[in-house]
Structures are given as C-alpha cells and as structure tokens.
Amino acid sequence: INLGFGSGWSLNAAVRYDWFRFGYKDRLISASEFDYQKRGVVSPKVTLSKDVTQNLKLYASGGIGFHSNDTRVILDRQADDILPRVFGADLGFNFKPIPKLLLKVALWTLYSEQEFVYVGDAGIVEPSGETRRKGAELSARYQLSNWLFADIDLNYTIARAVGAPKGEDFV
C-alpha cells in the first residue's frame with residue numbers, strides 16, 4: 001500500500017509472508033534420516049517519507065522480520081523458536097546533488113530475539129540469546145555510463161548480546 005499525502009509526504013506499508021520447510025540429512029552418518037520442520041512467519045513493514053526538494057528525501061521506517069541461518073540448529077530442536085523475530089528501524093535521507101550521483105545516509109537499530117552463531121571449534125551452530133545492533137551507514141553511487149555504476153558503502157556498527165556482562169557482550 002502506497003499512500004501519497006499533500007506537501008510531498010508518503011506512507012508505504014507492506015506485509016510479507018514467508019513459508020519454510022527446513023530439511024537436513026547428514027550424509028557423513030550413514031544411518032541418518034532426513035528430518036524436517038515447517039513454519040511460516042508474517043513480516044510487516046512501514047515507511048514514512050517526505051520529499052523536501054526534488055533532490056532530497058527524508059524517511060523513517062520500521063519493520064519486523066526474522067533470523068534463521070542454519071537448518072541444523074532448527075532440526076536439532078536446540079532453539080525455542082526456529083524463526084525468532086527481528087525488530088528494526090532506520091532514519092535517513094537520500095540526496096542527489098548532481099544528476100549521476102546518489103548519496104544515502106541512515107541511522108539504524110536492530111533487535112533480535114535469538115541469535116544463531118557458528119562455534120568453529122565444535123563445527124556447530126547454536127542459539128546464543130538476544131542481540132541488539134545499532135549503526136550508521138553512508139552509501140554513494142555514481143553512474144559512470146548508462147550501464148556502469150561505481151558504488152561505495154561505509155557502515156559503522158555496534159553489536160552487543162543483551163543481558164551479558166559488559167565486556168563479555170560482544171557479538
């Protein structure tokens with residue numbers, strides 16, 4: 001849904017549904033059977049924007065998504081929720097100072113109900129609890145020709161485990 005208001009304001013709202021069938025068979029273990037789980041998740045998103053000028057747009061957005069990056073942790077039933085929610089928001093602007101250059105700046109935050117992390121020494125993925133991330137991004141894209149672009153993205157992020165002692169909370 002995209003609604004336009006007077007004076008350059010617009011509201012864009014969307015809902016996405018993802019359905020998963022996680023499956024895994026360990027071929028290194030000959031007796032291993034194929035295991036699977038099914039789950040669906042609804043992810044709403046909303047963005048409010050304002051065209052300040054023809055070349056400058058301000059925006060604020062928020063949404064809910066999910067985190068899942070390894071089928072093995074899901075099928076081993078190690079996690080309480082196999083598609084933990086992730087809540088995000090960002091505030092920024094898009095600026096086009098000259099016709100072929102687009103600049104984007106954003107401040108953002110993410111909160112994840114559950115993080116799945118790889119444990120290298122054990123060769124496994126395990127649930128590790130809630131995390132919070134916040135950061136800033138700067139992106140620039142310049143159109144060199146009608147088919148060639150040059151891009152650069154800079155990102156500064158602070159990522160921490162929620163509830164862990166200070167100094168031991170790094171993600």
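The legends below describe close-up views of a predicted model.

Local features are reported for this predicted model where pLDDT is at least 70, and side-chain atom pairs count only at pLDDT 80 or more, whereas totals for chains, interfaces and linings use all residues. Residues are numbered from 1 along each chain as its sequence is written, and side-chain values use heavy atoms, with hydrogens and water left out.

**View 1. Ser7 in the loop between β1 and β2.**
Ser7 belongs to the loop that joins β1 (2-4) to β2 (9-24), where strands (E, at least two residues) and helices (H or I, at least four) are DSSP runs numbered from the N terminus. Although Ser7 is not a glycine, its phi is positive, at about 60°. With a relative accessible area of 60%, Ser7 is exposed; here exposed means over 50% relative accessible area, buried means under 20%, and partly exposed lies in between (1.4 Å probe, protein chains only).

**View 2. A nonpolar surface patch that includes Leu3.**
Ile1, Leu3, Phe5, Trp9 and Leu48 together make a nonpolar surface patch of about 510 Å². Such patches are made of residues with over 30% relative accessible area and no salt bridge, nonpolar side chains (Val, Leu, Ile, Met, Phe, Trp, Tyr) being joined within 5 Å and like charges within 9 Å, and accessible areas come from the Shrake-Rupley method with a 1.4 Å probe, only the protein chains shown counting as cover for residues. Leu3, which lies in strand β1, is partly exposed at a relative accessible area of 41%.

**View 3. The aromatic pair of Phe20 and Phe66.**
Two aromatic pairs are found in a search of the whole structure. One of them is formed by Phe20 and Phe66, which meet edge-to-face with 5.2 Å from centre to centre and 75° between the planes; rings of Phe, Tyr and Trp (its six-membered ring) pair if their centres lie within 6.5 Å, and planes under 30 degrees apart count as stacked, over 60 as edge-to-face and the rest as tilted. The pair links distant parts of the chain, since Phe20 is in strand β2 and Phe66 in strand β4 (residues 56-66), 46 residues apart. Phe20 is partly exposed, with a relative accessible area of 22%, and Phe66 also counts as partly exposed, at 22%.

**View 4. The hairpin of β7 and β8.**
Strands β7 (residues 116-119) and β8 (residues 124-127) pair in the antiparallel sense over four bridges, where pairing requires that DSSP finds at least two bridges between two strands. Val119 stands opposite Ile124 in β8. The hairpin has four residues between its strands, and Gly123 takes a positive phi near 65°.

**View 5. Salt bridges of Arg16, Glu115 and Asp169.**
Four salt bridges are found in the whole structure, each defined as a side-chain nitrogen of Lys or Arg within 4 Å of a carboxyl oxygen of Asp or Glu. Among them, Arg16 joins Asp18 with the closest N and O atoms 2.9 Å apart; Arg16 is partly exposed at 43% relative accessible area, whereas Asp18 counts as buried at 18%. The side chains of Glu115 and Arg133 meet at 3.3 Å, N to O. This pair links distant parts of the chain, with Glu115 in the loop between β6 (101-112) and β7 and Arg133 in strand β9 (residues 131-143), 18 residues apart. Glu115 is buried, with a relative accessible area of 8%. Asp169 and Arg160 form a further salt bridge at 4.0 Å, N to O, in which Asp169 counts as buried at 11% relative accessibility and Arg160 is partly exposed at 29%.
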